[in-house]
Amino acid sequence: MKKKEDGNTAFRAGHVQQAIVCYSEALMLKDDMPLVLSNRAQCFLKLGEYEKALADSSRVVELEPELVKGWFRKGLSLSGLERHQEAVDAFEKALKLAPNDTNIQASVKVSAYKAAKQARDGTK
């Protein structure tokens with residue numbers, strides 16, 4: 001699909017906003033494309049727009065629960081929103097799908113630490 005490829009090209013060139021536009025246009029044509037949603041979630045993560053990234057990554061795992069990037073990006077989104085225990089849950093689902101992925105392993109540990117700290121301190 002041309003719009004998806006345009007989005008990939010824009011993202012690789014560092015034009016994140018343009019990539020979002022391209023991915024959004026592709027999704028207007030067909031709204032159930034997990035890889036396009038996952039790519040747009042990555043763009044939103046880069047911009048610190050965690051709510052939007054969470055919406056897209058949640059849709060990804062709904063459409064394709066075996067897509068590791070969907071769970072990983074959902075975890076990153078939740079972590080950005082400081083919802084660390086939920087992030088742990090998402091990262092653990094990603095880890096079940098890719099048990100040797102060191103980035104996911106590290107993310108589980110960091111989020112688990114932050115979740116424990118939140119529970120101990122009674123913070124957000």
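# Notebook: a predicted helical chain

**Entry 1. Burial and surface.** I began with burial, and I found that 40% of the 124 residues in the protein chain are buried. I note at once that this is a predicted model. I then looked up the accessible surface of the protein chain, which comes to about 7,000 Å². Carbon and sulfur atoms hold 53% of that surface.

**Entry 2. Elements.** Which elements make up the protein chain, helices or strands? I counted 7 helices and 0 strands. Read from the N terminus on, the order of elements is α-α-α-α-α-α-α. I next looked up the radius of gyration, which is 15 Å for the protein chain, whereas the globule rule gives 14 Å for 124 residues. The two values are close, so I recorded the chain as being as compact as a globular protein of that length. Along the principal axes, the C-alpha atoms fill a box of roughly 50 × 25 × 25 Å.

**Entry 3. Contacts along the chain.** I turned to contacts in the protein chain with a separation of 6 or more. Residues 24 or more positions apart account for 45% of these contacts.

**Entry 4. Charges.** I counted 20 positive and 17 negative side chains in the protein chain. The centres of the two sets lie 4 Å apart. As a general point, side chains of opposite charge can pair when their charged atoms come close. How many salt bridges does a search of the whole structure find? I obtained 9 salt bridges.

**Entry 5. Glu-25 and Lys-3.** One salt bridge joins the side chains of Glu-25 and Lys-3, at 2.8 Å from N to O. This pair links distant parts of the chain, for Glu-25 belongs to helix 2 (residues 16-29) and Lys-3 to helix 1 (residues 2-12), 22 residues apart. I checked the exposure of both partners. Glu-25 has a relative accessibility of 27% and therefore counts as partly exposed. Lys-3, with a relative accessible area of 30%, is partly exposed.

**Entry 6. Glu-49.** I located Glu-49 in the loop between helix 3 (34-46) and helix 4 (50-63). The side chain of Glu-49 meets that of Lys-52 in a salt bridge of 3.1 Å, N to O. Glu-49 is partly exposed at 26% relative accessibility, and Lys-52 is partly exposed with a relative accessible area of 46%. I also compared positions in space: the C-alpha atoms of Glu-49 and Gly-80 are separated by 8.7 Å, although the two residues are 31 residues apart along the chain.

**Entry 7. Lys-74.** I looked up Lys-74 in helix 5. Is Lys-74 buried or exposed? I found Lys-74 to be buried, yet without a salt bridge. The nearest side chain of opposite charge is that of Glu-86, 7.0 Å away. A salt bridge needs a nitrogen and a carboxyl oxygen within 4 Å. Leaving aside residues up to four places away in sequence, I listed what Lys-74 touches: Leu-54, Ser-57, Ser-58, Val-61 and Ala-90.

**Entry 8. Glu-86 and its partner.** I then followed Glu-86, which forms a salt bridge with Arg-83. The closest N and O atoms of this pair are 2.9 Å apart. Glu-86 is partly exposed, with a relative accessible area of 38%. Arg-83 is partly exposed as well, with a relative accessible area of 31%.

**Entry 9. Ser-77.** I returned to helix 5, where Ser-77 is found. Its relative accessibility is 0%, so Ser-77 counts as buried. Residues up to four places away in sequence being left out, Ser-77 touches Leu-45, Tyr-50, Ala-53, Leu-54 and Ser-57. I noted that Leu-54 and Ser-57 appear in the list for Ser-77 and in the list for Lys-74.

**Entry 10. Glu-82.** Most residues other than glycine have a negative phi. I therefore marked Glu-82, because its phi is positive, near 60°. Where is the place of Glu-82? I found Glu-82 in the loop between helix 5 (68-80) and helix 6 (84-97). Glu-82 is partly exposed, with a relative accessible area of 40%.

**Entry 11. A network.** Lastly, I looked up charged residues with higher numbers. Lys-117, Arg-120 and Asp-121 are linked in a network of salt bridges.

Note on methods. Residues are numbered from 1 along each chain as its sequence is written. This is a predicted model: local features need pLDDT of at least 70, side-chain atom pairs count only at pLDDT 80 or more; totals for chains, interfaces and linings use all residues. Side-chain values use heavy atoms; hydrogens and water are left out. Helices (H or I, at least four residues) and strands (E, at least two) are DSSP runs, numbered from the N terminus. The radius of gyration is taken over C-alpha atoms; the globule rule is 2.2 Å times the number of residues to the power 0.38. Buried means under 20% relative accessible area, exposed over 50%, partly exposed in between (1.4 Å probe, protein chains only). Contact means heavy atoms within 4.5 Å. Accessible areas come from the Shrake-Rupley method with a 1.4 Å probe; for residues, only the protein chains shown count as cover. Lys and Arg count as positive and Asp and Glu as negative; His and the chain ends are not counted. The place of a charge is taken as NZ of Lys, CZ of Arg, CG of Asp or CD of Glu.
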